[in-house]
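Subject: Structure for your review

Dear colleague,

I am handing over the structure below, together with an account of what was found in it. Please read the notes with the model open beside them.

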Amino acid sequence: MPLSNVQTIDTRYGTYNSHAFSNGNCLPLTGYPFGMNYFAPQSTDQNGSWWFNPYEPIYQGIRLTHQPSPWLGDFSQLLITPVTGALSNNSLYHRQSSYDMENSLFRPDLLKIISHRYQLTTHLVPSLYGAALQVTSHRKEKISLVFHAPEGATYQKISDDTLEIQLDNATETQAENFCMSIHIQFDQSILQVSQLKENNSLPISDSICGDDLHLRLDFAKENLEARMATSFISAKQAHINLSRQGNFSEIAEKAHNEWNRLLQRIKIVDTKPSKEKDLFYHCLYRCLLFPQTFYEVDEMGKEWHFDTHSQSVKPGKFFTNNGYWDTFRTTMPLLSLLYPEYVEDFLEGILQHYRNTGFLPKWLSPDERGIMPGTLVDGVIADAASKKIAPHLLPELLKAMLATSQTEDPTGRYGRHGSEDYRTLGYLPYNYRESVSHSLDYAYSDWAIGQVAGMLGQTDLAATYQKYSLSYAKLFDPATRLMRAKEQRGKNRSEAFNPYSWGRDYAECSAIQASLSVFHDIDGLVELMGGREHFTDYLTKLCNEKPIFKTEHYGYEIHEMSEMVHQPFGQLAISNQPSFHIPYLFHWSNKPEYASFLLKQLRLEAFDTGFHAFPGDEDNGSLSAWYIFSCLGFYPVCPGKPVYQLGIPQFDAIKLRLPKDKTVTISCKNNREHYYFVHSATLDGKNIAELTHADFIQASHLEFSLGLLPK
């Protein structure tokens with residue numbers, strides 16, 4: 001019997017990483033799609049956010065985690081370690097165990113860990129708000145569980161078989177009273193609750209609180225089952241969430257079926273196993289992890305969430321752990337195509353953030369972190385609007401877009417940095433960090449606002465913001481044909497300009513890549529750069545150049561620099577978001593055939609199966625969605641324009657199950673390994689040079705034909 005999609009996914013792809021170099025910076029997350037919590041084995045507590053190593057068969061326990069990226073850190077984390085027998089010390093090192101890497105399972109819907117030291121097998125299956133555990137002792141020894149939270153925690157035994165936990169740890173949040181409640185019910189009575197101290201164990205009463213506690217629960221049997229549910233609202237709500245979960249088997253079946261339901265929106269027709277097929281479905285799994293659910297449903301069926309801004313519980317949907325600088329380019333457009341019903345929910349959450357704070361979100365974890373340039377959630381809204389998703393939300397979303405673009409937050413946390421200076425000058429002067437990247441992103445956001453205004457019939461407003469969106473040209477330097485920072489009076493920096501210098505005026509790139517970040521007006525950018533011939537030369541040189549860089553503005557070599565050098569693609573730097581669209585820009589050049597040639601090479605050389613899967617950070621599904629679009633054969637260069645630029649498909653045939661039971665087949669003739677050039681593309685038999693969203697979702701068949709050389 002063939003395996004279902006979810007059974008073929010190894011969540012460890014892209015998990016071999018360090019502070020200095022990223023192969024994805026992923027964690028092997030088991031959880032429910034877009035769930036509130038994820039779970040993964042913890043290898044070590046000594047490497048900060050890099051706490052899992054796929055090459056080390058050591059684990060300290062299963063970690064309940066909310067870490068979207070090592071650069072953001074974790075919050076509301078809890079380590080659960082099944083043990084047997086006496087422990088000599090309370091440290092994680094003294095209770096860690098080797099595990100059977102070959103027979104353990106790392107799947108989206110199931111985590112199975114076989115401990116050598118304790119001879120235990122632990123199964124974990126996830127639910128939307130929690131999980132269920134089964135622990136079995138092969139030596140027939142009594143099982144214990146040890147809980148550890150690195151910061152404040154309160155544990156209370158509320159009945160013979162139930163433990164209530166309150167976690168107070170978070171990397172950063174505005175709410176002083178931010179906490180997560182956990183309700184855990186066991187299938188047997190708790191014999192004893194004790195606090196682990198150095199060289200001994202102290203029995204405690206029914207409740208204990210403090211920092212860095214190690215709490216042990218002892219049980220009478222050699223088999224243990226536990227169900228847990230979490231809440232960011234209250235202990236009572238955690239109990240409500242638990243009451244709706246069912247037993248272990250029911251939780252396992254629901255998680256398994258939900259993953260397969262979503263993964264099967266795309267079906268690769270080829271039944272032969274392949275590395276590319278495995279990576280494709282792994283990437284689709286990655287796209288279904290973030291954002292995470294941050295709202296809950298009460299006894300009456302009403303939705304509530306904890307608002308960190310007001311430090312109170314408020315009605316409405318909310319989602320967290322999402323960086324829109326990362327996801328507006330690829331992840332959200334892919335979800336808008338395949339999972340528009342979820343995008344409608346996400347838009348409600350985005351709108352709720354505006355209602356709570358007066359601003360649209362930029363990077364949430366768990367609340368606004370105020371990092372990365374721009375307010376690129378505008379692109380998410382414009383893209384969804386262009387695909388007619390949640391039109392009833394558009395009037396208020398436009399109001400939120402306008403408020404975010406026009407209001408300057410004195411704390412610098414929310415909205416646009418320097419919005420008044422930007423609107424006055426048409427660009428952000430260089431006394432602001434990453435001023436060029438901010439300015440280009442603001443111009444795109446202005447275009448997105450204009451698009452939404454136009455869809456709502458507000459033509460004057462649309463025209464105003466369309467005009468604003470062209471201000472990116474003020475940063476263009478004709479002498480270097482690059483985007484350069486300016487001061488208030490319009491002059492460039494006086495010191496010598498080096499286009500290979502990363503940072504300062506540019507976010508995680510240099511002028512080489514950043515100058516191409518004009519998604520909404522590529523025709524205008526081509527004209528600024530001297531026309532198609534000069535634009536062709538620029539793109540060709542970018543790919544053929546050595547991957548050199550200058551570090552002086554960062555002061556050290558950031559991992560994105562290292563990753564660009566590691567991949568043999570010149571200055572392309574596909575490892576990071578500012579470069580995602582660059583291969584498709586050849587469609588605006590005199591060499592459009594270079595796009596398919598470059599894309600196929602990138603798929604072949606920059607991506608792989610296994611622990612080194614990705615050429616850089618796999619942020620919130622963004623790099624995974626790039627790979628999926630690359631395999632499908634089309635890509636949204638400008639989210640908000642319901643148009644896709646053509647690429648080159650990976651598979652002979654693939655079926656997309658779109659909403660309303662619509663199926664579109666993408667096929668590829670002459671799909672040979674050494675054929676890099678697209679000779680033709682047809683949609684239901686009609687030749688096309690680009691693909692509109694409206695035509696695609698109404699069509700039945702998109703067909704490509706490849707050749708050995710350009711036609």
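Two strands are taken to pair here if DSSP finds at least two bridges between them. By that criterion strand β31 (residues 643-646) pairs with β36 in the antiparallel sense, over 3 bridges. Please keep in mind throughout that this is a predicted model.

**Strands**

The pairing of β31 with β36 belongs to an open sheet of 3 strands, whose order is β30-β31-β36 and whose pairing is antiparallel. The edge strands of this sheet are β30 (634-635) and β36 (690-692), each of which pairs on one side only. At the level of single residues, Y644 stands opposite L691 in β36.

Elsewhere, strand β12 (residues 152-159) has antiparallel pairings with two strands that I would look at together. With strand β17 (residues 207-211) it pairs over 5 bridges, and T154 stands opposite C209 in β17. To strand β13 (residues 162-167) it is joined by 6 bridges, with L163 in β13 as the bridge partner of K157, and a hairpin through 2 residues connects β12 to β13.

In the loop that runs between β13 and β14 (180-186) one finds N169, which counts as buried because its relative accessibility is 1%. The C-alpha atoms of N169 and S76 are separated by 5.3 Å, although these residues are 93 residues apart along the chain. Leaving aside residues up to four places away in sequence, N169 touches F75, S76, Q77, A149, P150, E151 and G152.

**Nonpolar cores**

As a general background, nonpolar side chains in soluble globular proteins tend to be buried together. In this model the largest nonpolar core has 203 residues, and those with the most contacts inside it are F147, Y155, F186, F634 and F696. Helix α11 (residues 435-455) contributes the largest share of this core, namely 10 residues. The surroundings of F147 give a concrete view of such contacts, since its partners, not counting residues up to four places away in sequence, include Y155, L163 and F186, along with L78, I80 and L215. Apart from this core lies another, of 7 residues, among them W502, F549, I558 and M561.

**Aromatic rings and charges**

The structure holds 43 aromatic pairs. One of them is formed by Y99 and F106, which are tilted, at 6.3 Å centre to centre and with 50° between the planes; both Y99 and F106 are buried. Another is formed by F597 and Y676, whose ring centres are 5.1 Å apart and whose planes lie at 50°, so that this pair, too, is tilted. Because F597 lies in helix α17 (residues 593-606) and Y676 in the loop between β33 (662-669) and β34 (677-683), the pair ties together parts that are 79 residues apart in sequence. The two rings can also be described by their accessibility: F597 counts as partly exposed, at 36% relative accessibility, whereas Y676 is buried, with a relative accessible area of 15%.

The face of Y676 also has K600 lying over it, at 5.2 Å from the ring centre. In a further case, the charged end of R423 sits over the ring of Y468, 3.9 Å from its centre. Finally, ring pairs link F75, F178, F232, F294, F306 and F318 into a cluster.

**Helix α12 and T375**

Helix α12 (residues 459-469) has A462, Y465 and S469 as its buried residues. Seen down the axis of α12, these fall within an arc of 75°, so they line one face of the helix. The face turned away from that buried side carries the exposed residues D460 and K467, while the cover over the buried residues of α12 includes α9 (394-406), α10 (419-425) and α11.

The last residue I would point out is T375, which lies in the loop between β27 (363-364) and α8 (377-386). T375 is buried, with a relative accessible area of 2%, and, not counting residues up to four places away in sequence, touches K362, T404, G415, R416, Y442 and S445.

With best regards

How values were computed:
Residues numbered from 1 in each chain as written. Predicted model: local features only at pLDDT ≥ 70, side-chain atom pairs only at ≥ 80, totals over all residues. Heavy atoms only, no water. Helix = DSSP H or I, 4+ residues; strand = E, 2+ residues; numbered from the N terminus. Buried < 20%, exposed > 50% of the residue type's maximum accessible area, 1.4 Å probe, protein only. Contact = heavy atoms within 4.5 Å. Phe/Tyr/Trp six-rings, centres within 6.5 Å; stacked < 30°, edge-to-face > 60°. Lys NZ or Arg CZ within 6 Å of the ring centre and 35° of its normal. Core = buried A, V, L, I, M, F, W, Y, C linked by side-chain atoms within 4.5 Å. Arc of directions from axis to C-beta.
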